[in-house]
Amino acid sequence: MLELKNINAGYDFLQVLWDVSFRVDEGELVALIGPNGAGKSTTLRTIAGLIKLKSGEILFNEKVINDKPTHLISQMGISYVSEKLNLFTGMSVRENLILGAYAIRDKEVQLETLAYIFELFPRLEERKDQLAGTMSGGERKMLAIARGMMSKPQLMLVDEPSLGLQPNLTQDVFSALIQLRERGVTVLLVEQNVNATLSFSDRAYVLEQGKIVMEGPSKEIKANKHVRNAYLGI
Ligand SMILES: Nc1ncnc2c1ncn2[C@@H]1O[C@H](COP(=O)(O)OP(=O)(O)O)[C@@H](O)[C@H]1O
Ligand SMILES: [Mg+2]
């Protein structure tokens, strides 16, 4: 579904990604792990069209997308949930969700999608009239992920959903991602919570200093000596 081929990218005077290649197949939940500053967020931003490539190619359903603007990439079916969430804090949960469906013109389809999202996240339905700004940290993450789903994406790029959350809320957010996969949504997940993430993801890539240094089934990555030392403290 998604394929990165020898990506070199970064910011004006700083190259962050060096010859990064990986793929995400339909229906998979793939984890991208690595230390702070490795370039994980930069990778997601690059796929979402927010950063221009120096070289390389990004394919989505066999079409080149790295020459397309962000809004087109999103219309093609890629939804990006940044770590900053970007919720409208003065608007209700329901209004935030509807804004996520702006690309769907048909009101009826919007409402159907909303009903589906509420089925997936009952806690958001209970709070549909509450202002987003008054929600707890975990609820906001949930809302940002749910809003990302309102455009009915085929692929979701999710950056550090557990950042700043207490363990019990982290569990709720991870459960939501697992439910997404059960419903056929493909997910590329960036996470610092390596232990948990390698327990529920299908495959993983390890990014260090802008380079992919390891890849494989999550179970194997979790058992790897370097990963155990560097990320799991075992
Ligand atoms: N907007 C930016 N402008 C310049 N450099 C940036 C910007 N955002 C991130 N960087 C730098 O790019 C590198 C990778 O950052 P990032 O992709 O955020 O890493 P990660 O998400 O793995 O922690 C870091 O050295 C960081 O300082
Ligand atoms: Mg990051």
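Among contacts between residues at least 6 apart in sequence, 67% join residues at least 24 apart. These values come from a predicted model. The protein contains 10 helices and 10 strands. Its radius of gyration is 17 Å, which agrees with the value near 17 Å for a compact globule of 234 residues. The C-alpha trace spans about 45 × 40 × 30 Å along the principal axes. Buried residues account for 42% of the 234 residues.

Six strands form an open sheet in the order β6-β7-β8-β3-β9-β10. The pairing in this sheet is mixed. Its edges are β6 (78-81) and β10 (211-217). Each has a single partner strand, so one side of each lacks a neighbour in the sheet. On average, neighbouring strands of this sheet are turned by 15° against each other, direction ignored.

At the β6 edge, pairing is with β7 (residues 155-159). The two strands run parallel and are joined by 4 bridges. One of the bridge partners is leucine 155 in β7, which pairs with isoleucine 78.

Strand β3 (29-33) is mostly covered, with 5 of its 5 residues buried. Leu29, Ala31 and Ile33 point one way from the strand. Val30 and Leu32 point the other way. In a regular strand, side chains alternate between the two faces of the sheet. Strand β3 pairs with β8 in the parallel sense over 4 bridges. Here leucine 29 has valine 187 of β8 as its bridge partner. Strand β3 also runs parallel to β9, again through 4 bridges. Alanine 31 stands opposite alanine 204 of β9 in this pairing.

Alanine 204 also stands opposite glycine 216 in β10. Strands β9 and β10 run antiparallel and are joined by 6 bridges. They form a hairpin with 2 residues between the strands. In that hairpin, glutamine 209 takes a positive phi near 45°.

Two helices lie across strands of this sheet. Helix α1 (residues 40-47) lies across β3, β6, β7, β8 (186-190) and β9 (203-208). Its direction is at about 150° to β7. Helix α7 (residues 167-182) lies across β3, β7 and β8. This helix runs at about 155° to β8.

An open sheet of 4 strands has the order β2-β1-β4-β5. Its pairing is antiparallel. Strands β2 (14-24) and β5 (63-64) stand at the edges. Each of these has a single partner strand, so one side is left without a neighbour in the sheet. Strand β1 (residues 2-11) pairs with β2 over 7 bridges in the antiparallel sense. Leucine 2 has valine 24 of β2 as its bridge partner. Helix α1 lies across this sheet as well, over β1, β2 and β4 (53-60). There the helix runs at about 70° to β2. Helix α1 therefore lies across strands of both sheets, including β7 of the 6-stranded sheet and β2 of the 4-stranded sheet.

Tryptophan 18 is found in β2. With 15 C-beta neighbours inside 10 Å, this residue counts as partly exposed, because burial requires 20 or more and exposure 12 or fewer. Leaving aside neighbours within four places in sequence, tryptophan 18 is in contact with Asn8, Gly210 and Lys211. Asparagine 8 is 10 residues away along the chain. The C-alpha atoms of tryptophan 18 and asparagine 8 are separated by 4.9 Å. Lys211, another of the contacts of tryptophan 18, belongs to β10, an edge strand of the 6-stranded sheet.

The residues around ligand 1 are Tyr11, Leu14, Val16, Gly34, Asn36, Gly37, Ala38, Gly39, Lys40, Ser41 and Thr42. The elements that give two or more residues to this shell are β2 and α1. Helix α1 gives the most, with 3 residues. By character, the shell divides into 4 nonpolar, 6 polar and 1 charged residue. Helix α1 thus contributes to the ligand shell and also lies across strands of the 6-stranded sheet, among them β3 and β9. Strand β2 likewise gives residues to the shell and forms an edge of the 4-stranded sheet.

Conventions: Residues numbered from 1 in each chain as written. Chains lettered and ligands numbered in written order. Predicted model: local features only at pLDDT ≥ 70, side-chain atom pairs only at ≥ 80, totals over all residues. Pairing = 2+ DSSP bridges. Axes fitted to C-alpha atoms, helices over the stretch in contact; angles between N-to-C directions. Contact = placed C-beta atoms within 7 Å. Rg over C-alpha atoms; globule rule 2.2 N^0.38 Å. Near = placed C-beta within 6 Å. Nonpolar A, V, L, I, M, F, W, Y, C, P; charged D, E, K, R; others polar.
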